[in-house]
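The exercises below are meant to be worked through with the sequence and the 3D view side by side. Each one gives a task and then a solution in steps.

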Amino acid sequence: MKKNDYRFMAGTLVLALAGWAGSHFLLSEKGTEIIVSRNGKQIGAYSLSENQRLTFSDDEGRRNVLVIQEGRAYMEAADCPDGLCVKHKAISDRGESIICLPHRLSAEVSGGSEGTDAVVR
């Protein structure tokens, strides 16, 4: 490989990263609420504009604590074996979610402006 080949690969990589960053940060929309579901059934919808700490328990005593603070939601505590949901970053953009597989609990951001893809006449 020659020097120009390395320059071409580096330039392509920079353009790809710039495109990804632009689409991720500039086109993401903030959500207005968080939908909490267990086993695919919605158990609550909560506003992201109201700071609150929510505790969810199932019939077997398994517990998750979801915190909504400053327009973002994160799992503060869970008594599941792996704790991956607790390690997940806070979510606020529409479509983002935190899922606790052992407890079958999910929290997904929804709401916000619905864009128009096409107009049909």
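**Exercise 1. Decide whether Ile99 is buried, partly exposed or exposed, and list its contacts.**

Step 1. Ile99 counts as partly exposed because its relative accessibility is 47%, where buried means under 20% relative accessible area, exposed over 50% and partly exposed in between, with a 1.4 Å probe and protein chains only.

Step 2. The model is a predicted one, in which local features need pLDDT of at least 70 and side-chain atom pairs count only at pLDDT 80 or more, while totals for chains, interfaces and linings use all residues. Residues are numbered from 1 along each chain as its sequence is written, and side-chain values use heavy atoms, with hydrogens and water left out.

Step 3. Ile99 belongs to strand S6; helices (H or I, at least four residues) and strands (E, at least two) are DSSP runs, numbered from the N terminus.

Step 4. With neighbours within four places in sequence left aside, Ile99 is in contact with Cys85, Leu105 and Ser106, contact meaning heavy atoms within 4.5 Å. From C-alpha to C-alpha, Ile99 and Arg38 are 9.8 Å apart in space, although 61 residues apart in sequence.

**Exercise 2. Describe the order of helices and strands in the protein chain.**

Step 1. The protein chain has two helices and seven strands, and along the sequence they follow the pattern α-β-β-β-β-β-α-β-β.

Step 2. Of the 121 residues in the protein chain, 28% are buried. Among contacts between residues at least 6 apart in sequence, 33% join residues at least 24 apart.

**Exercise 3. Find which residues have the most contacts inside the largest nonpolar core.**

Step 1. A nonpolar core is a set of buried Ala, Val, Leu, Ile, Met, Phe, Trp, Tyr and Cys residues joined through side-chain atoms within 4.5 Å. The largest one here has 18 residues, and those with the most contacts inside it are Ile34, Val36, Tyr46, Phe56, Leu66, Ile68 and Ala73.

Step 2. At least two residues of this core come from each of strand S1 (33-38), strand S3 (52-57), strand S4 (63-69), strand S5 (72-78), S6 and S7, and the largest share, three residues, is supplied by S7.

Step 3. Beyond its neighbours within four places in sequence, Ile34 is in contact with several residues, including Tyr46, Leu66, Ile68, Ala73 and Val109.

Step 4. In soluble globular proteins, nonpolar side chains tend to be buried together.

**Exercise 4. Describe the geometry of the aromatic pair formed by Tyr46 and Phe56.**

Step 1. The structure holds one aromatic pair, and rings of Phe, Tyr and Trp (its six-membered ring) pair if their centres lie within 6.5 Å, with planes under 30 degrees apart counted as stacked, over 60 as edge-to-face and the rest as tilted.

Step 2. Tyr46 and Phe56 are 6.0 Å apart from centre to centre with 65° between the planes, an edge-to-face pair. Tyr46 lies in strand S2 (residues 41-47) and Phe56 in strand S3, 10 residues apart, and both Tyr46 and Phe56 are buried.

**Exercise 5. Place His103 and Leu105, and list what surrounds them.**

Step 1. His103 is in the loop between strand S6 (97-100) and strand S7 (105-110), and it counts as buried because its relative accessibility is 2%.

Step 2. The side chains of His103 and Asp79 make a polar contact (3.2 Å); such a contact is a pair of N or O atoms within 3.5 Å, where within protein one must be able to donate a hydrogen and the other to accept it, and residues adjacent in sequence count only if both atoms are side-chain atoms.

Step 3. Leu105, in strand S7, is buried at 3% relative accessibility. Leu105 is in contact with Val36, Phe56, Met75 and Ile99, among others outside its neighbours within four places in sequence.

**Exercise 6. Explain why Cys85 is not bonded to Cys100.**

Step 1. A disulfide is a pair of cysteine sulfur atoms within 2.5 Å, and a search of the whole structure finds zero disulfides. Cys80 is in none, with the nearest cysteine sulfur, that of Cys100, 3.8 Å away.

Step 2. The sulfur of Cys85 is 3.8 Å from its closest cysteine sulfur, in Cys100, and so is too far for a bond.
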